Structure formats: C-alpha cells, structure tokens
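I set out these entries to record what I looked up in one structure, item by item.

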Amino acid sequence: QSAKEAQLEFRHFNQAQVDKIIKAMADAGYAASELLAKLAVEESGFGKWQDKLIKNQFSTKNVYDSIKDLKSVGVIAIEANGRVVKIAEPMGVVAALIPSTNPTSTAMFKALISLKCRNAIVASPHPKTTNCSVEALKIMSDAAEQSGAPKGLIQCMSSPTVEGTEALMHDKNIALILAT
C-alpha cells in the first residue's frame, strides 16, 4: 500500500526529475558494487565475488547507459504523420522476484528499470540471500530519496516466505510481476 501511495506521487514527476533519480541510483549501486558482490557470495555460497562485481557494475552502469536517453514520461513518439501519438504511462507497483544466483545485480537493475518508467517496486528476495538483496535495494532507495523520489518507492521484503511472495504477487496494488 505504501509503495502504491509513493507511486501515485511519483507518476507526476517530469522526465528531468526521473532521470536525476535514476542517475543517482545507478551511481550509488555502482559505487557499492564490490561490497554487494562480497555480501552476495558470502550469503549465497555461489560464485566468486569478482564475477558478482562485474554483474553488479553491468546492472548499474551498463543498464543505466542503455536507458538514460529513453523517454519515459509524456509523449514519447509521434508516428503516421501525427495521427499516432505514443504517451508513456506508468504501470503502478512492480513485484520483483530476486533469485539467489544474482541477488544484488538483479535487484538493482529491476529497481532502475521500474523507476525509469515511474513505477514503484516491491522486491521478494530469495530466502537464502535476503540480506544482500535488502542492502542493495536500501542503497538504491537512499539514493533515489536523496534525489527527490518519494519515500517508499523502493521496498524489499525482509523475511520472505513462499506465502508472503504469493500474497505480494496477488496483492491488488501490484500491476506487474518481474520474475527472472
């Protein structure tokens, strides 16, 4: 509910405001890439932190670079000699499932793409990698809020269960599910 309330405020932000927030999130995630990589390997027992570092950097810097110039607010295209006007409209609140194999990089890129389109996000991390996913999204949320985003736009379940994730996916406030 609080994510929906934040999203209803965020939906009125202009392109410059959205882009400022997205840039701050990407920069903060990139800066924390090594810390988050080490947390992910320590908590999951999967992989090497050096490989997770590359994934974290890709999911922040490279994803940001690929979306930074995309229009996601207002009129985004005019076609057919002006007879077709495409207008960007946010979906609402995104439920994001976060896997244990990439618990920080997936959380960060899903937050970036959700907010780029003026959506809120509520993540359900894998129970075995909850702490590192929570930390990754806290970093993104703090950066977003410091850049003007409404409080509560990025949220993460801190005690995920199958029942909790099921409830999240069926909540009336969820408009879209991003499952990996």
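**Entry 1. Cysteines.** For this search I took a disulfide to be a pair of cysteine sulfur atoms within 2.5 Å. The model I searched is a predicted one. I went through the whole structure and found zero disulfides. I then asked how far the sulfur of Cys-132 is from the closest cysteine sulfur. That closest sulfur belongs to Cys-156 and lies 9.4 Å away, which is too far for a bond. I also looked up the accessibility of two cysteines. Cys-132 has a relative accessibility of 2% and therefore counts as buried, whereas Cys-117, at 36%, counts as partly exposed.

**Entry 2. Aromatic rings.** I searched the whole structure for aromatic pairs and obtained one. Its members are Phe-10 and Phe-13, whose ring centres are 5.0 Å apart and whose planes meet at 65°, so I entered the pair as edge-to-face. The cut-off behind that label is an angle over 60 degrees between the planes. Are these two residues, Phe-10 and Phe-13, buried or exposed? I noted both Phe-10 and Phe-13 as buried.

**Entry 3. A charge over a ring.** I next looked up Lys-38 and found its charged end over the ring of Trp-49. The distance from that charged end to the centre of the Trp-49 ring is 4.5 Å.

**Entry 4. The largest pocket.** I recorded about 150 Å³ of space in the largest pocket. Which residues that line the largest pocket are the closest to its centre? The lining has 13 residues, and the closest to the centre are Leu-97, Ile-98, Ser-124, Pro-125 and His-126. I then listed the elements that give two or more residues to this lining: strand S3 (93–98), strand S4 (120–125) and helix H7 (162–170). By class, I noted eight nonpolar residues, five polar residues and no charged residues in the lining.

**Entry 5. Positive phi values.** I keep in mind that most residues other than glycine have a negative phi. I entered two residues with a positive value.

- Asn-81 has a phi near 55°, positive although the residue is not glycine. I located Asn-81 in the loop between strand S1 (74–79) and strand S2 (84–88). With a relative accessibility of 81%, Asn-81 counts as exposed.
- Arg-118 has a phi near 65°, again a positive value in a residue other than glycine. I located Arg-118 in the loop between helix H5 (105–116) and S4. With a relative accessibility of 5%, Arg-118 counts as buried.

S4 also appears in Entry 4, as one of the elements that give two or more residues to the lining of the largest pocket.

**Entry 6. Two serines in helices.** I placed Ser-59 in helix H4, residues 49–67. Its relative accessible area is 4%, so I entered Ser-59 as buried. From Ser-59 I took the separation to Lys-172, which is 113 residues away along the chain, and found 29 Å between the C-alpha atoms.

I placed Ser-141 in helix H6, residues 130–146. At 9% relative accessibility, Ser-141 counts as buried. Ser-141 and Gly-47 are 94 residues apart in sequence, and I found 26 Å from C-alpha to C-alpha.

**Entry 7. Asp-27 and Leu-178.** I looked up Asp-27 and found it in helix H2, residues 15–31. With a relative accessible area of 40%, Asp-27 is partly exposed. How many residues apart in sequence are Asp-27 and Thr-60? They are 33 residues apart in sequence, with 7.3 Å between their C-alpha atoms in space.

Leu-178 I found in strand S6, residues 174–178. At 23% relative accessibility, Leu-178 counts as partly exposed. I then took the separation of Leu-178 from Ala-95, 83 residues apart along the chain, and found their C-alpha atoms separated by 6.2 Å.

Methods
Residues numbered from 1 in each chain as written. Predicted model: local features only at pLDDT ≥ 70, side-chain atom pairs only at ≥ 80, totals over all residues. Heavy atoms only, no water. Phe/Tyr/Trp six-rings, centres within 6.5 Å; stacked < 30°, edge-to-face > 60°. Buried < 20%, exposed > 50% of the residue type's maximum accessible area, 1.4 Å probe, protein only. Lys NZ or Arg CZ within 6 Å of the ring centre and 35° of its normal. 1 Å grid on protein atoms, 1.4 Å probe; cavity = no way out; pocket = protein on both sides within 12 Å on 5 of 7 lines; lining within 4 Å. Points joined across faces, edges and corners; volume = space filled by probe spheres on them. Nonpolar A, V, L, I, M, F, W, Y, C, P; charged D, E, K, R; others polar.
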